[in-house]
Amino acid sequence: MNATRKLPWLLVLLVTLVLALVAAGCGGDDDDGEAGEDTAPADTSEAPAEPAISVGMVSDTGGLDDRGFNEFSIAGFERAQEELGVDGRVYVSESGDDYLPNLTAAVDDGHDLVIAIGFLIQPSVVEVATEATDVNFAGVDQFYGEEPDCGGENQSPCTVPNVVGLQFPSEEAGYLAGIVAAGVTKTGTVSTVGGIKIPPVDNWIAGFRQGVKDTNPDIKLLNAYSQDFVDAAKCKEIALDQISQGSDVVFQVAGQCGLGALDAAGEKGVYAIGVDADQSFAGPQVITSALKPLELAVFETIRSAVDGTFQGGTNRFFGIEEYPDAELLAPFTDAVPADVQAAVEEATQAMINGEIDPPATFD
Amino acid sequence: MADAPLLELRGITKRFPGVVANDHVDFELAKGEVHALLGENGAGKSTLMNILYGLYHPDEGEIRLNGKPLRIDSPRAAIDNGIGMVHQHFMLIPVMSVAENIVLGVEPHSGPFLDLDTAQARVRELSERFGLAVRPEARIDSISVGMQQRVEILKALYRGAEILILDEPTAVLTPQEAEELFAIVRSLQAEGKSIIFISHKLNEVLKIADRITTLRFGKEVATVPREGATQEGLARMMVGREVVLRVEKPPAQPGEPLLVAEDLIVVDDRGLEACRGISLEVRAGEIVGIAGVDGNGQTELIDALTGLRHPASGRIVVGGRDVTDATAREVLDNGMGHIPEDRQLRGLVLDFSLAENLALHDFRKPPDSRFGWLFPRRLVQRARRLLAEFDVRGGGPETPAASLSGGNQQKVVVAREVSRDPRVLLAAQPTRGLDVGAIEFVHRRLVTERDEGRAIVLVSFELEEILSLSDRILVLYEGRIVGEYQPDVSEEELGFAMTGGLENEAA
Amino acid sequence: MADEPRASTGSAVTEWFSTRIGGVLVPVAATALAFLIGGLVVAITGNNPITAYKAIFAGTGLNWFFPWVSGDARADAANDLQQTLILMAPLILTGLAVAFAFRCGLFNIGGQGQYWVGFIAALYVATNLEGTPRPLHVLLAIVAAIVAGGIWGGIAGALKATVGAHEVITTIMLNWIAIFGGTYLYEIGGPLQGPQESIPRSDEVFESAELWPIWGSLPALHAGIFIALFALVVYSVILNRTTLGFEVRAVGFNPEAARYSGISVSKNYFLALAISGAFAGLAGGIDLLGFKFSVDVGDFGTNFIAFTGIAVALLGRTRAVGILFAALLFAALEVGTSTRQLDPEVFEPALAVDLATMIQALVIFFVGAELLIVYIWRARTLLRPGQAAQPELKQ
Amino acid sequence: MSTQSRTALLGNGVRRLTEPRTIAILGIACGILAFWLALPPWTVRSVGGPLAAGFVALACGIAVVPRGERKLGWWAIALGVAGTLGAIWLQTKEAETLDSILTAGVLASTLRFATPLAFAAMGGIFSERSGIVNIGLEGMMLMGAFFGVWGAVWSGTWVVGLLMAMLFGGLLALIHAFFSIHLRADQIVSGFAVNFLALGVTGFLYSSIYPGGIETEVSRVPNVQLDFLYDIPLVGDLLGGVFGWIMFAVVILSYVILFKTPIGLRIRSVGEHPKAADTVGISVYGVRYGAVVTSGVLAALGGAFLSIGFVGTFTENMTSGRGYIALAAVIFGKWLPGWAFAATLLFGFGFALAIPLQREAGISENLISTLPYVLTLVALVGLIGRSIPPAAVGRPYVKG
């Protein structure tokens, strides 16, 4: 009886605890949160006219703050909201099971354009788009083949009239990063840390390796995968191992996990190259970052839908040839000597002219 | 001794849901006195003492020490007021040393560190003073039960106990060990300690106590001085009627041997030989009692006979069939009935209904089941019949076993085992913790079953039970059968054999 | 302890509870409490809990059952309800996987591994054996899933039975092995990778192995729900109407007494975990054949359905009916809090997911702590003097 | 362990296979194999074989020594170490970069993998020694990881980060304690709920406080610059971090507290026989609360090592199962701090091994990733059964 008699106090204590846990964490955030709540409706009410079109963004797995596909694709959507006055919302996929229901929901909610992020979602896009012919679709990191090179074994899905595939030759930026790495290495060994071995990861690495080789074929190349996009400790260990093998430039292609690789380079006093966005916040060891124009691609796609130039049944490439002005590398730090910068400049031109075409895969 | 009492309990009342365990009980203890608290199991003795020791809180009543009212709300408070208790189930930690157990809670320390050397020295000193002969560095699980009890006493003395509560202290002891305990009690008394001695055994109460207080159904019956008290008078007070102390039974008419064991060697969980070549034979229509102090191989012998543990060598035959390598189920199916020790742990699934408990052995066979398909309604029907036949009270077939009283739980176990019509019935401690009524029931039932021609093995630590029920008595000591006796043997002689006296003589 | 009156507060009181109110009160109260505290969390973050919960409810599709919902709203509700029911099927099964072991006194955390192993086995059968007639192909794939899951659970069971390895630890290890091993099979260059060299994805199952769709499309509610419901019946029958179930329950309640009754404890440990694994494996099988049809490496790390299954089993108190409703609740919770259902202006999508996790945790907490509910119930009766606050316990 | 029922021959056979003696001999065999593989003239292409064999040898040795098979067990450990070192030596001969291998090689990596595990395992020992099963270690680590970062960012100093991690890890443990001690909930269920809760709470807070990720520089637990130590290649790497020192201190302190102080005696007594402790006036509930909260604090330190000690950021669910592995280490190490630490080193070695194996052997990364778990499972077979837990672990105590 004793235990139960004391319960009221403990109950109070417990509830307080749970609340304390949450409240403590939220303390600093309350202002932001509420500010956000207040301004969001205000924005829409101040919007100049009817929203041009409505856009549904269906994310890939891995969360919205992944500093990768999701975050920067959605950044493009947000830019379109501001600059083009489009309307719409984001559908988060927690797992592959969410792809179909999310796409279906996006169609049912009456969006004019649905942008699906990630190449794994592609089969679901084909399925939904074939049914919802009055809605336009765009697929980030997706490629749609033409007859007869499509649909069958070992081939990409065929084009669908209302779908555009958005393609990023990440190997181009990877190639430039490789030139930088080859230019700054002193030990003659450079390395890459990949997340999971999938094409969007390997594209970067393939370009990087080619860039290094083209600059100096004697440089030793290391590569390893963490099998993980979140466990930063794992990527850090891998990077440390590579550094112990002599690598003094580490290029990470592993999302949040890769932040650990950047950290390892900082700790060991070697160079690192970020990916997706300018990751110089991780420290001065990050001499540059290889970029993927996700934001641009999504914004451009939405713009085409707004001004009526959207064309389905095809692919759009966001490579250096199509968008010569697109930034492929984040600003260099002082660690990158001028001659290396010049070499990068030169290679960029060569790619624009089509003289260099880095491979998208490697052995 | 009639001066102001050292300790007084006045009008103590303690209710548990559905039960009044203590009903306005008065009790007093004088300095230097041994005061026995007598009563059946369930009479409220332990509850009263647990209240005094701060483990329970009384609903009514007060406790006075040296005339001053005292509030004891925890064992700590009891200890601080010089009250120590030796529990019936020892409160010792098997994997720790004697010294660690004794100093637990009041550890000597140097700085933040435990000072085990000092602890051992102090324990040794105390042990010598009271003639206890305890080795402070020994591990509890390596010393005998009698020694463990002394550790418990030392634990109380170490904490400066002036009042010592001994709860059923002889229940686990051999007669010799009990004598040694009485000597210790007297030496404690000589040192001025006051002792409350809880027991349900009349003879030992008469032997050791200065005064005797009897409890029945939670109520105090009377307090009498030892002078002039008789066994019969005390028994009447305790039970409320004349008790038959000996089971009346016609002489046995043994038939063919139903259980034969030859040269059984059985190893225990630690891989040590617990039974070292046991041979025995039990015939139809006789009760063979196996006497012995706990831990001399009883558990392993029972396990081996029932197929729960395979003997390392030897042979077991039940009803003419060799079951040495049979599984427990095969042995049971071959006509073995087993009333296990500790009904709550081994005899019953407390969360099962009575119907399910009654089917625990036979659920695999028709009519309970067929081809693995169970017929719950048939279980209930049979249970209804058995519950009536064995006079189980407190619930129907669907009642969970947990909600029955101990006596009725044991009746369920007996009903299950007997109703299977076994050829051999193995009863281990079948009356432990039961009240007199239930004990009588179990005893009578065992005799009835004997007379129906079953071979009955009774394993018990209670000499009285062995003596009153058995037709033959085997004494088990250190894994061997060291003697066979007729039921008219004296307790002393049995006790001598049980403690290895015969072996030592032979050596 | 002998004849000491069983003075314990807990068991007797809770026993009274589970018998008197049919065991329904505790889970219901636990859920209510969990939502209450979840609501407080929502409120602390500056949102309106009632609006949030309303939105979540609307997202579950359960409003489809309200006759006054019509038109577009009804079509939406139908869509949502399909999703809820699709998710409910594997949740029932993973819940059963936990519940069955629980009845034998074991805690099966390995449902996730068993799910994947079943999934992979079904996938192997469903992507081979071309030309098999549909019912047979489906049956073969499902049997493969059941057997594979059973083996995976059986490994933990065998280790428990023979050397006493704690099932919590072995099943955790087996989970990781299944997840990494599965990823290995379908990775680029993996032995079972599908036709597209550059994509780490399996083959598609043959149409002849797909479960029949029954309601809606993209993805449609499939016949797996019937399999799951049938499994509930099987579970209940095994436990209550077979000697196997009798043994499992006896071992679960009191292994020592079971052993003394001639029941082999180790055999039942093994069987219980193997059967548990079979349920979880079946969950993987019907997910594959019902709506997934293939797998890519990204799926392995992002699926936690068996962990939700633990919550389902606990909330359902390991009873078939309880598991049914608990699975419905958790499926609804997952679907209702998914971002496609929540208006971002009502509740920020990224937070809703974590909120659902928190509510699940709270439900598990409160279900596990009957005493708390008992206490609150008591406090309620104490407020009404004159009524017997003290439940009568014995005799 | 009385349920050790005798399922005829199968059980007996397996038991014989899992006798400490047999395992020790197996370990020795593996150690010799590792040594032999590592030595020329046998030139293996990859370092994987000898490393794996050395791992098994170590596992066997660590498993049997605390179980009584001392002599053979130590031999297995010695040969395992020799084989492993031999393998590394071989590797350095090939790579000819002795320095870099030794400073950041497998051993240093092992220690870093083991650090968070060791903190959590020590916590687990405290909790379980007092009789409370704690599978909530994972959640408590996660709390530590998040609030470590939060405190460090908010205050700008890692000291506050550590304090916050400990505080919130302790608070979460307090919830577990309340449910399993006062409410007598099933401890495994409660621990499981703790893990769920931590996942939800940290995810929720992370998304709402740092919607764009943590972009500011996080104050980190620094490295001690003891020049004379830091200059020695291997030692410098092993002992360079404050966290490493804290970890060693925690392991040693855990041992001292549990076995050399009155507090430890009381904790153990409560875990073995709570009623006995109660009758001598020890507050069973008090001791258990203390032990469980301590376990939360320690586990949270392990989590904080991951975030502000090692990688300097937080990611959702970043502990990814380490708490469960720590729990396995506790059981593996027989609830003894020293041996549990050895077990964490072993697991750490398994993870560390996966990296050079991937680099050298060229097998699928995913397949290699299963290695630590498979090896653990193999090593666990037959050993766990022999670990006798504190007698009262997992059982709620009802005060009279």
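**Notebook: a helix, an interface and a pair of domains**

I began with G54(B), which follows α1(B) and has a positive phi, near 85°. I note at the outset that the model is predicted.

**Entry 1: helix α1 of chain B**

I asked which residues of α1(B) are buried. I found K45(B), S46(B), T47(B), L48(B), M49(B), N50(B), I51(B) and L52(B). The helix runs over residues 45-52, and eight of its eight residues are buried, so α1 of chain B is largely enclosed by the rest of the structure. I recorded that a residue is called buried when its relative accessible area is under 20%.

**Entry 2: chain C against chain D**

I next looked up the contact between chain C and chain D, in which 52 residues of chain C meet 53 residues of chain D. The two chains bury about 4600 Å² between them, and 80% of this area lies on carbon and sulfur atoms. I then asked how many salt bridges the rule finds across the interface of chain C and chain D. The count is zero. For polar contacts between chain C and chain D, I noted two residue pairs, both residues of each being at pLDDT 80 or more.

I then listed the helices of chain C that each supply at least two residues to the side touching chain D: α6 (134-163), α7 (167-186), α10 (255-260), α13 (305-315), α15 (349-368) and α16 (370-382). Which helix gives the most to this side of chain C? I found that α15(C) does, with 13 residues. By residue class, the side of chain C that touches chain D divides into 33 nonpolar, 15 polar and four charged residues.

**Entry 3: the two domains of chain A**

I turned to chain A, where the domain assignment gives domain 1 (54-167) and domain 2 (171-291 + 332-352). I noted that domain 2 of chain A is written as two segments. The centres of domain 1 and domain 2 of chain A, taken over C-alpha atoms, are separated by 29 Å. Eight residues from domain 1 of chain A and eight residues from domain 2 of chain A take part in the contact.

The two domains of chain A bury about 650 Å² between them, with 69% of it on carbon and sulfur atoms. I looked for salt bridges across this domain interface, and the rule finds zero. For residue pairs in polar contact, both at pLDDT 80 or more, the rule also finds zero between domain 1 and domain 2 of chain A. Finally, I recorded that the side of domain 1 of chain A that touches domain 2 divides into three nonpolar, one polar and four charged residues.

Technical notes. Residues numbered from 1 in each chain as written. Chains lettered and ligands numbered in written order. Predicted model: local features only at pLDDT ≥ 70, side-chain atom pairs only at ≥ 80, totals over all residues. Heavy atoms only, no water. Contact = heavy atoms within 4.5 Å. Buried area = accessible area lost by both parts, 1.4 Å probe. Salt bridge = Lys/Arg side-chain N within 4 Å of Asp/Glu carboxyl O. Polar contact = N/O pair within 3.5 Å; in protein donor to acceptor, adjacent residues only side chain to side chain. Helix = DSSP H or I, 4+ residues; strand = E, 2+ residues; numbered from the N terminus. Nonpolar A, V, L, I, M, F, W, Y, C, P; charged D, E, K, R; others polar. Domains from an automatic or database assignment. Buried < 20%, exposed > 50% of the residue type's maximum accessible area, 1.4 Å probe, protein only.
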